[in-house]
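Biologist: Please take me through this structure one question at a time. I would like the reasoning as well as the result.

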Amino acid sequence: MKNALTLFYQFLILGLTSFGGPAAHLGYFRTVFVDQKKWITESEYSQLIALSQFLPGPGSSQVGFAIGLKRMGLLGGILAFIGFTLPSFMVMVALATGLTQLTGNTYVDSFIHVFKLLAVIVVLDAVLTMGKNFCTTNTTKTIAVLTCCVIWLAPIPFIQLICIALAGAYGLWRLHSKSDNSSNSTSSFKLSLSSFIFLAIFIACLFNLLPLGTLFSETFIAGSLVFGGGHVVLPLLQDHFASSIGQESFITGYAAAQAIPGPMFAFASYLGALSHESPLLGAGIATLGIFLPGFLLILIFQKSWSQLAKRPRVSGLINGINASVVGLLAATLYTPIFVSAVLQPVDMVIAALGFLLLRHIKIPIIQIILIGSVLAVIRVWAGLN
């Protein structure tokens, strides 16, 4: 029971403080669960990231769910999901039901801005650490730099997925490594069973055969098709929900999802609350629908992926993907994280000092968050917002 509460608490804290989007979330997860808690190794963490990049769904939430699975099995995965998603779920439901009177409050805006600076610090630390671990040759360094440059120069839909796929294909072809070719036959039954469950739900949603109705079906199908990050969920949900709740309300919710901590897929909670006669129930149905496909896919592939990762060809594929992910994090560090957080010289000073505290003085991230909270109040008093 104590271990379950500890796991839930860690993800709840991350759900309350993880501003900056999926790339920043991966940085937070690495800092807490690899560096500080040592619940998983750097190698295991990189494999989870690689797996999440291959699958549709909310990448950072899938990684969190997988960490919970490794820690405490299915219960751990569920607790990780609830803890990480609950804060953003509550905020989006509150927005949908008109309870966010604090919107536009000077202190609230200051806190959000300081936490965005924290995202700069965490992602920079992740880029440097992962670059050191995964970009050890001229080839992998080149892959990382090219990925970063392409994403900066061609900000088009699916460009991240394309870069990662090409890097993986190159790694499969050229970046071989010697490894054990053993396989685990016991994972095949679980793979088949989980696959059947996923396909059965997906087909039922296509024909709207489930008792949860159209709301669940639409969000489940969208969650099954979102490749390339949370932003892709916007066009997948727009056709169905914009007409029912209004274009202005739809865009307002999407904008709010960018500003809150936790997974951006919580946007579905907002849509569900506005689309159902019972806002809380509607939010719950939509949240379950949007997240469930990604988690089922993690259950399908997690164990078989760890076995596949030992094969030389797949090992090369992972090397290519990891290098590309470093470039992806570096690109995201600049935009949207850095450009939305560092708006004046004092912001650069705060980010630089925070990076010094985290990476070199090794102050725990929760203490840096507390320091940031104090700075948020000082910013208001000093008129820096």
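Biologist: Is N208 buried, partly exposed or exposed?

Modeller: This is a predicted model, and the class is read from computed areas. N208 sits in the loop between α8 (187-206) and α9 (213-225). Its relative accessible area is 36%. Buried would need under 20% and exposed over 50%, so N208 is partly exposed.

Biologist: What is the phi of N208?

Modeller: Most residues other than glycine have a negative phi. N208 is not a glycine, yet its phi is positive, at about 50°.

Biologist: Where is K362, which also has a positive phi, and is K362 buried or exposed?

Modeller: K362 is not a glycine, and its phi is about 65°. Its place is in the loop between α15 (345-360) and α16 (365-381). The relative accessible area of K362 is 60%. The cut-off for exposed is over 50%, so K362 is exposed.

Biologist: How many helices and how many strands are in the chain?

Modeller: The chain has 385 residues, and 51% of them are buried. As for its elements, the count is 16 helices and zero strands.

Biologist: Why is helix α12 described as largely enclosed by the rest of the structure?

Modeller: Helix α12 covers residues 267-275. Its buried residues are F267, A268, S269, Y270, L271, G272 and A273. The helix is largely enclosed because the buried share is seven of the nine residues.

Biologist: Which residues does S324 touch, leaving aside its neighbours within four places in sequence?

Modeller: S324 lies in helix α14 (residues 312-341). It has a relative accessible area of 0%, so S324 is buried. Apart from those neighbours, its contacts are I143, T147, C163, I164 and A167.

Biologist: What separates the C-alpha atoms of P312 and L172?

Modeller: P312 is also placed in helix α14. With a relative accessibility of 24%, P312 is partly exposed. P312 and L172 are 140 residues apart along the chain, and the separation of their C-alpha atoms is 8.5 Å.

Biologist: What share of the contacts with a separation of 6 or more comes from residues 24 or more positions apart?

Modeller: Contacts here are counted by how far apart two residues stand in the chain. Residues 24 or more positions apart account for a share of 75%.

Biologist: At what angle do helices α2 and α4 pack?

Modeller: The helices are α2 (residues 22-36) and α4 (residues 59-96), and their axes are 9 Å apart. From α2 the contact uses P22, H25, L26, F29 and F33, and from α4 it uses S60, V63, G64, I67 and F84. By class, these are seven nonpolar, three polar and no charged residues. The packing angle is about 35°.

Biologist: Which helix gives the most to the lining of the largest cavity?

Modeller: Rolling a probe the size of a water molecule over the atoms shows where empty space is left. The count comes to one cavity of 30 Å³ or more, and the largest cavity holds about 40 Å³. Its lining is F11, S61, G64, F65, A80, F81, F84, T85 and F295. Seven lining residues come from one helix, α4.

Biologist: How many charged residues are in that lining of the largest cavity?

Modeller: The lining can be sorted by class. Six residues are nonpolar and three are polar. The number of charged residues in the lining is none: there are no charged residues.

Key. Residues numbered from 1 in each chain as written. Predicted model: local features only at pLDDT ≥ 70, side-chain atom pairs only at ≥ 80, totals over all residues. Heavy atoms only, no water. Axes fitted to C-alpha atoms, helices over the stretch in contact; angles between N-to-C directions. Helix = DSSP H or I, 4+ residues; strand = E, 2+ residues; numbered from the N terminus. Contact = heavy atoms within 4.5 Å. Nonpolar A, V, L, I, M, F, W, Y, C, P; charged D, E, K, R; others polar. Buried < 20%, exposed > 50% of the residue type's maximum accessible area, 1.4 Å probe, protein only. 1 Å grid on protein atoms, 1.4 Å probe; cavity = no way out; pocket = protein on both sides within 12 Å on 5 of 7 lines; lining within 4 Å. Points joined across faces, edges and corners; volume = space filled by probe spheres on them.
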